[in-house]
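Q: Please take a close look at the ligand site in this structure. What surrounds the ligand, and what does the surrounding shell connect to?

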Amino acid sequence: MKVLYVASEALPFAASGGLADVAGSLPHAMRQRLVGCRIAMPLYDSVPQELRENMKFITSLSVPVSWRRQYCGVFEAKYGGVTYYLLDNQYYFKRKGLYGHYDDAERFAFFSRAVLEMLPYLDFKPDIINANDWQSALVPIYYQLFYSGNDWYKGIKTVFTIHNIQYQGKYGMEICEDVFGIPLDSRKIVEFDDCVNLMKGAVETADRVTTVSPTYAKEILDPWFSHELDPILRERQWKLFGILNGIDTESYNPETDAQIYENFGIDTLSEGKAKNKLELQKRLFLPERADVPLIGMVTRMVSHKGLDLVKSVLDDILSTHDVQFVILGSGDWEYESFFKTMQEKHKDKFIACFGFVPELSRKIYAGADIFLMPSKSEPCGLSQMISLRYGTIPIVRETGGLKDSITDSGDGEGNGFTFKSYDAGDMSYSIERALAGYANADGWNILRRRAMESDNSWGKSANAYIRMYKSLLKE
Ligand code: GLC
């Protein structure tokens, strides 16, 4: 079985969020299970020079983007034994940042079309193409429209994975033909609410639709979570599956992670975490105290991450508890300015760091005692799994992948603390419970060990993907 995994970002070449983690680690896990899995992604300007040095030129193509023909250079690179195809066009991709350009629709129409056009020139004919999120949603759409009837392409199956239903690729109907090259008589495929909606088109045309946790697969059938797509998904529920992501347990390994202050394993947990915490406190200019519980958050500062809950209780928590709190991330002005105010007010308890700083995020995963992730919705979430791996106890709201990976320790079993309603009082109560847990050193150590023993490696998930692909090929 051969799978081509198509993503707009993949580690280590380019990353802006969780999709890059998944695209950079699932194919490795597939390969370990003897499934040929390769990755196709754009060759962005930001791809580091040392990775470019190992790229091999394969071919160049002229790709139709509606009535335009655009150059595409196809390069191949191997990383950790996995083959990446990097698609080059400087006009589209030699820019600052991966997304957010005025012509993103055209850039990713080009990319999706180029992926299909390049296939006959590779020494790898996929049985399955797995596209991801709106940026490659046109792959199954174009496949059905322009390639499925062609002898060479016939029989390839397509899978579309939703990492976040909020970003659907919505555009005015007027560019349907001119930019996407979708003829008038086929526009129904992508038309939704009088707009072009690429995610809707992919849900219609792909042979299977997956999302990144079983709970999110159910949630997106409900208008509260679906950003309007629930009627489309409900009709096609038969082809919708939720498979929980794993994390790259080699990269996120406290025993070997070169970016944390002190490596530790399950048997050196207490000393290791204590050392990491003191060094982190020093770096953050917080009082260096072993006894005070340190709560961490690493998050994009946007509403669906649950920051409104944090906003409504943070001042109170900091005023009434002997606690330290660090938040790292960037996003909406509303939240950033609130956290700045809190930092002014609670100088020796609270610190906010703005930006995307992978090195510091690892130090927080390793050095914090508690990791807070109260998302309003969370398709899967990787941070809670990384925290577990570093013995940091997550507090999460029971939604999406958070619900599927964290169980409440109230009954003496689970690996974290959870709450159900999107309610600041419920969140505060969970924080109180976690702080009470922290105060009981023996119990806390047992909980930390259980957290570190939770298995979130790709094993189970990769097997679930393989089962799904196999069943699809039998059809
Ligand atoms: C998106 C989701 C996140 C998920 C990630 C990888 O970033 O918001 O929940 O973990 O994709 O699938």
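A: The ligand lies between domain 1 (2–246 + 459–474) and domain 2 (266–455), because both give residues to the shell around it; the domain bounds come from an automatic or database domain assignment. This is a predicted model, in which local features need pLDDT of at least 70 and side-chain atom pairs count only at pLDDT 80 or more, while totals for chains, interfaces and linings use all residues. Residues are numbered from 1 along each chain as its sequence is written, and side-chain values use heavy atoms, with hydrogens and water left out.

The residues around the ligand (a heavy atom within 4 Å of it) include Gly 18, Leu 19, His 163, Asn 164, Glu 378 and Cys 380. By class, the shell holds six nonpolar residues, five polar and one charged; Ala, Val, Leu, Ile, Met, Phe, Trp, Tyr, Cys and Pro count as nonpolar, Asp, Glu, Lys and Arg as charged, and the others, Gly among them, as polar.

An N or O atom in the His 163 side chain is 2.6 Å from a ligand oxygen. For the side chain of Glu 378, the distance from an N or O atom to an oxygen of the ligand is 2.6 Å. The protein buries 90% of the 310 Å² that the ligand exposes when taken alone (Shrake-Rupley method, 1.4 Å probe).

His 163 also has a side-chain polar contact of 2.9 Å with Asn 132 (a pair of N or O atoms within 3.5 Å, one able to donate a hydrogen and the other to accept it; residues adjacent in sequence count only if both atoms are side-chain atoms). Asn 132 is buried, at 0% relative accessible area (buried means under 20%).

Technical notes. Buried means under 20% relative accessible area, exposed over 50%, partly exposed in between (1.4 Å probe, protein chains only).
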